Amino acid sequence: MSLFEVYPLYNVKPKYGEGCYVYDDKNIKYLDLYGGHAVISIGHSHPVYINALTKQLNKIGFYSNYIVNELQEKLSKKIIKLSGVKEYKMFYCNSGAEAIENALKLASYKTKKRRIIAFKNSFHGRSCAAIACTDNNKIQSKLSSQVDVSFLPFDQTKLIEKELIKNDVCAIIIESIQGVGGLDEPTTKYMKDVESLCLKYGALLIADEVQSGFGRTGDFFAFQKHKINPDIITIAKGMGNGFPIGGILVSDKIKEEHGLLGSTFGGNHLACSSSLAVLNVIKKEKLMKNASKMEKYFRKSISKINGIKVKGRGLMLGLEFNFEVKNLRDDLIYKKHIFTGGSSNKNLLRILPPLNIKRNDLDKFFKALNELI
Ligand SMILES: Cc1ncc(COP(=O)(O)O)c(C=O)c1O
């Protein structure tokens, strides 16, 4: 093997995909309830997506950010319109970690402070500041440990104020629903407290929507359930349905300066076309509504199987068992041909299917689960 082996690989070789299904080299059909870590939002090989990318590739695939790219403006306007958030401006990058890195850098630059508050069980990516805000000591390095981060539990307002009062915090970074950590969520009261305390003490509130954004929870952004207005929103994953694209939406209270942020590839023509196609399909096929509908169906169906707790929202769900799920996940893949995800909670299976999944696709999972447990 000539690869630097950082991934514990499942032995499946996907050759093509269609909707919620992936086909391997032996033409075995797999139900994709994982969407490659919540990336496949509108389904594999969606014709609108293929068409948009092919057309764009035939025109121009890339040019630098020092020349006008009208697709960037078009995409940011569409995101703002479909999400309903107001008074934000977009900066494009290529991945979730990059979005987080830029958000944190901006917060530190603007507030002239350096400490960050993140949360127990958080995951924000693997670049230096992003990993420092990730609650996992095993993957920290001497370099990342130089970033000053305090980890707090959800839902304890007094602890946040105790830290903010020290007047050295540049940002609070929060996942409205934790992804890798296992689908835990803060309460609305807590989110509102955090928002007002950030305002009171001059720290910026960063909503990490890398996994939960772009319609996955039934709202465009997961934080919208709490009716708060973060200062910076980070996005990636489902944004490009597999084409690498990320970004930060920056409240227009925060003023931009030439040269403050930058990226060679961020927001290139192909990336923007992929995301425009994603938004068109989300809107046309009412995928946010479908995510909410499928959540209800999911919860109802799972309630018929004993001993499983369902966490999360929309099609960002976690199934918590009273045993470790590694063997179950293996059996789902190898015996039932169903992809699911793991989490840092070893008893939890993550369910992150394409947002256009239907009841009869989910029924296959419920049947498999009944047979396996
Ligand atoms: C909430 C959250 N933030 C950031 C990231 C990092 O994204 P990427 O892997 O694109 O760098 C992830 C990835 O899983 C994530 O779940």
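## Helix α7 and what it packs against

Let's start inside this predicted model with helix α7, whose buried residues are M191, V194, E195, L197 and C198. Those buried residues pack against three elements: α6 (157-164), β7 (169-174) and β8 (204-208). The helix itself covers residues 188-201, so you get 14 residues in all. From its first C-alpha to its last α7 reaches 20 Å, close to the 20 Å expected at 1.5 Å a residue. Right after the helix comes G202, with a positive phi near 70°.

V194 is a handy residue to zoom in on, and it lies in helix α7. Is V194 buried or exposed? It has 25 C-beta neighbours inside 10 Å, and the cut-off for buried is 20 or more, so V194 counts as buried. Setting aside neighbours within four places in sequence, V194 is in contact with I160, I172, I174 and L205. Sequence distance tells another story for V180: V194 and V180 are 14 residues apart along the chain, and their C-alpha atoms are separated by 22 Å.

## Strands β8, β9, β10 and β4

Next up is a run of paired strands. β8, one of the elements that the buried residues of α7 pack against, pairs with β9 in the parallel sense over three bridges. Within that pairing, A207 stands opposite I233 in β9. On to the next pair: strand β9 (residues 232-235) and β10 are antiparallel, with four bridges between them. Here T234 stands opposite I248 in β10, while I235 stands opposite G247.

Which way do the β9 residues point? I232 and T234 point one way, I233 and I235 the other way, and all are buried. That fits a general pattern: in a regular strand the side chains alternate between the two faces of the sheet.

Strand β10 (residues 246-251) also has strand β4 (residues 88-93) as a partner, joined by six bridges and running antiparallel. In this pairing K89 stands opposite V250 in β10. Five of the six residues of β10 are buried, so the strand is largely enclosed by the rest of the structure.

## The open sheet

There's also an open sheet of four strands, in the order β1-β2-β3-β13, with mixed pairing. β1 (14-18) and β13 (338-339) stand at the edges with a single partner strand each, so one side of each is left without a neighbour in the sheet.

At the β1 edge, the pairing with strand β2 (residues 21-24) is antiparallel and runs over four bridges. If you want a residue pair to look at, the bridge partner of Y16 in β2 is Y23.

## Around the ligand

How many residues surround the ligand? The shell holds 15 residues, and the closest are G96, A97, G125, V210 and Q211. Helix α4 (residues 96-111) supplies the largest share of the shell, three residues.

If you're thinking about the chemistry of the shell, its breakdown by class is six nonpolar, seven polar and two charged residues.

## Two positive phi values outside glycine

A couple of backbone angles are worth a look. A38 has a phi near 65°, a positive value in a residue other than glycine. This residue lies in helix α1 (residues 35-38). With 26 C-beta neighbours inside 10 Å, A38 counts as buried.

N167 also has a positive phi, about 65°, although it is not a glycine. Where does N167 lie? The residue is in the loop between α6 and β7. Is N167 buried or exposed? It has 12 C-beta neighbours inside 10 Å, and the cut-off for exposed is 12 or fewer, so N167 counts as exposed.

## Domains

Finally, the overall layout. The domain assignment of the chain gives domain 1 (1-32 + 324-347 + 368-373) and domain 2 (48-284). Taken over C-alpha atoms, the centres of domain 1 and domain 2 are separated by 28 Å.

Technical notes. Residues are numbered from 1 along each chain as its sequence is written. This is a predicted model: local features need pLDDT of at least 70, side-chain atom pairs count only at pLDDT 80 or more; totals for chains, interfaces and linings use all residues. A residue is near a molecule or strand if its C-beta atom, placed from the backbone, lies within 6 Å of it. Ala, Val, Leu, Ile, Met, Phe, Trp, Tyr, Cys and Pro count as nonpolar, Asp, Glu, Lys and Arg as charged, and the others, Gly among them, as polar. Two strands pair if DSSP finds at least two bridges between them. The expected span of a helix is 1.5 Å times one less than its number of residues. Two residues are in contact if their C-beta atoms, placed from the backbone, lie within 7 Å. Domain bounds come from an automatic or database domain assignment.
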